[in-house]
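Trainee: Could you take me through one part of this model in close detail, the open sheet, and then show me what lies around it? I would like one connected account.

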Amino acid sequence: MTEEPNRLPDRPDAFELPVQSPDVLSDVLRTIRLSGSMLFLVDATEPWKSHAPATQAFARAVLPYAQHLISYHIVVAGQCWAGLAGDPMEPLAEGDVLVVPQGDAYALASAPDAPPSYGDDDAVAFLGAMAAGELPSVVHEGGSGAAHTLIICGFLGCDARPFNPILWALPRVMRLRRVVQPGNRLSHLLAYAIVELREPGEGGRDVLLRLSELMFVEVVRRHLASAPAAQTGWLAALRDPITSRVLARMHAEPAKPWTLDTLGEGTGASRSTLAEHFAQLVGQPPMHYLAGWRMQLATRLLSYPGVKVRAVADAVGYASEAAFSRAFKKHAGLSPNVWRERATAGSATSR
């Protein structure tokens with residue numbers, strides 16, 4: 001998503017992460033480099049069936065240097081059916097949202113038994129052309145039936161490695177009911193997007209990409225607000241009074257030499273209770289989470305040309321470059337130098 005990048009130091013061998021705000025969700029969304037790929041409006045009349053293959057089939061054509069693609073669809077008017085490939089389709093009504101976070105193939109249709117409108121190769125070609133800005137932002141499809149459906153379709157890229165707690169917390173498919181309500185934030189963003197899609201102006205493509213990011217973030221916030229109290233996972237941990245405080249401390253000062261004692265100060269929880277409670281909600285012990293988060297921050301810093309590995313090690317709390325390199329390779333599967341070479345080469349090519 002749009003961000004204010006950390007200011008580079010005057011000397012490339014010195015780098016210090018600024019203290020972040022305790023808004024953990026914003027911190028993660030910024031650091032996993034959430035970025036809009038495309039946003040368009042489908043105006044469909046029955047019979048129709050749109051589908052997307054698994055994202056590995058079209059990711060390089062849509063957003064070549066993104067590690068992962070997420071798609072979401074908001075029913076603006078009418079109704080439809082939707083589901084992952086091979087699973088039963090379920091109905092979606094006006095105001096509902098379908099999110100496919102993990103890259104599965106899926107379909108949307110006027111009816112569960114509607115025939116496909118096109119094949120996988122056509123879908124890949126369409127998505128690539130749409131992402132490149134070669135097609136109109138309003139797509140008309142379907143037959144001559146009376147039933148009419150409007151759907152906003154958004155695609156975003158993000159980092160999946162080495163550490164993306166949001167992605168891990170989301171299921172293969174999410175169906176959020178009546179998320180768009182008159183007067184709520186998402187309804188305003190949706191109205192703005194529809195006007196921009198139907199009446200494109202100068203700079204409209206960039207506006208749509210930012211709107212794609214904003215609408216997805218708001219969908220995640222609505223999911224967080226409506227999730228059952230007993231639910232576990234990283235998003236649920238943000239609502240818990242103990243784990244939310246611990247996460248805020250880690251994210252505010254990731255390089256600090258944290259211990260279970262210092263993380264738990266003021267929570268009223270003992271070391272063992274804190275460790276058990278955190279692992280139960282988040283899915284891993286606190287110090288494992290901290291190590292993974294430091295590595296994700298490191299990938300971001302390594303993408304800056306001229307920044308030395310030792311400076312990145314210092315910035316994320318490692319006393320030596322060797323210790324940092326071992327930890328980084330364990331989490332990312334590559335040495336920091338190789339990761340930096342690939343990241344800077346990809347960034348230069350993208351520009």
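Mentor: Happy to. In this predicted model, the open sheet has 4 strands in the order β2-β7-β4-β5, and their pairing is antiparallel. At the edges are β2 (49-52) and β5 (90-93), each of which pairs on one side only. From one strand to the next, the twist averages 25°.

Let's walk across the sheet, starting from β2. This strand is joined to β7 by 4 bridges, and the two run antiparallel. To find the register, look at Ala52: its bridge partner in β7 is Tyr106.

Strand β7 covers residues 106-109, and its side chains are worth a look. Tyr106 and Leu108 point one way, while Ala107 and Ala109 point the other way. Which of these are buried, and which are exposed? All of them are buried.

Next along the order comes β4, which is joined to β7 by 4 bridges, again running antiparallel. Here Ala82 stands opposite Leu108 of β7. In general, strands of a sheet pair through backbone hydrogen bonds, either parallel or antiparallel.

The last step goes from β4 (residues 79-84) to β5, with 4 bridges between these antiparallel strands. Gln79 has Ala93 as its bridge partner in β5.

Gln79 also leads us out of the sheet, since Thr149 touches it. Thr149 is found in strand β9 (residues 148-158). With a relative accessibility of 4%, Thr149 counts as buried, because the cut-off for that is under 20%. Leaving aside residues up to four places away in sequence, Thr149 touches Val42, Asp43, Ala44, Trp48, Ala77, Gly78, Gln79 and Cys80. Take Asp43 from that list: Thr149 and Asp43 are 106 residues apart in sequence, yet their C-alpha atoms are 6.1 Å apart in space.

Ala82 of the sheet gives us another way outward, into the nonpolar cores. The largest of these has 81 residues, and those with the most contacts inside it are Ile74, Ile152, Met215, Trp234, Tyr289 and Phe324. Apart from it lies another core, of 28 residues, and Ala82 is among them, along with Met38, Ala59 and Leu63. As a general background, nonpolar side chains tend to be buried together in soluble globular proteins. For a closer view of the largest core, try Phe324: beyond residues up to four places away in sequence, Phe324 touches Met295, Ala298, Val309, Val312, Ala313, Val316, Tyr318 and Pro336.

Now for the helices. Helix α1 (residues 24-31) is largely enclosed by the rest of the structure, because 7 of its 8 residues are buried. Those buried residues are Val24, Leu25, Asp27, Val28, Leu29, Arg30 and Thr31. Among the elements that cover them are α4 (165-169), α6 (204-226), α7 (234-237), α8 (241-252) and α11 (286-302). After α1 comes Arg33, with a positive phi near 60°.

One of those covering helices, α8, also meets helix α10 (residues 271-282): their axes come within 10 Å and cross at roughly 90°. The two are therefore roughly perpendicular to each other. On the α8 side, the contact involves Ile242, Thr243, Val246, Leu247 and Met250, which meet Leu274, His277, Phe278 and Leu281 in α10. Sorted by class, this contact has 7 nonpolar, 2 polar and no charged residues.

Technical notes: Residues numbered from 1 in each chain as written. Predicted model: local features only at pLDDT ≥ 70, side-chain atom pairs only at ≥ 80, totals over all residues. Heavy atoms only, no water. Pairing = 2+ DSSP bridges. Axes fitted to C-alpha atoms, helices over the stretch in contact; angles between N-to-C directions. Buried < 20%, exposed > 50% of the residue type's maximum accessible area, 1.4 Å probe, protein only. Contact = heavy atoms within 4.5 Å. Parallel < 35°, antiparallel > 145°, perpendicular 65-115°, else oblique. Nonpolar A, V, L, I, M, F, W, Y, C, P; charged D, E, K, R; others polar. Core = buried A, V, L, I, M, F, W, Y, C linked by side-chain atoms within 4.5 Å.
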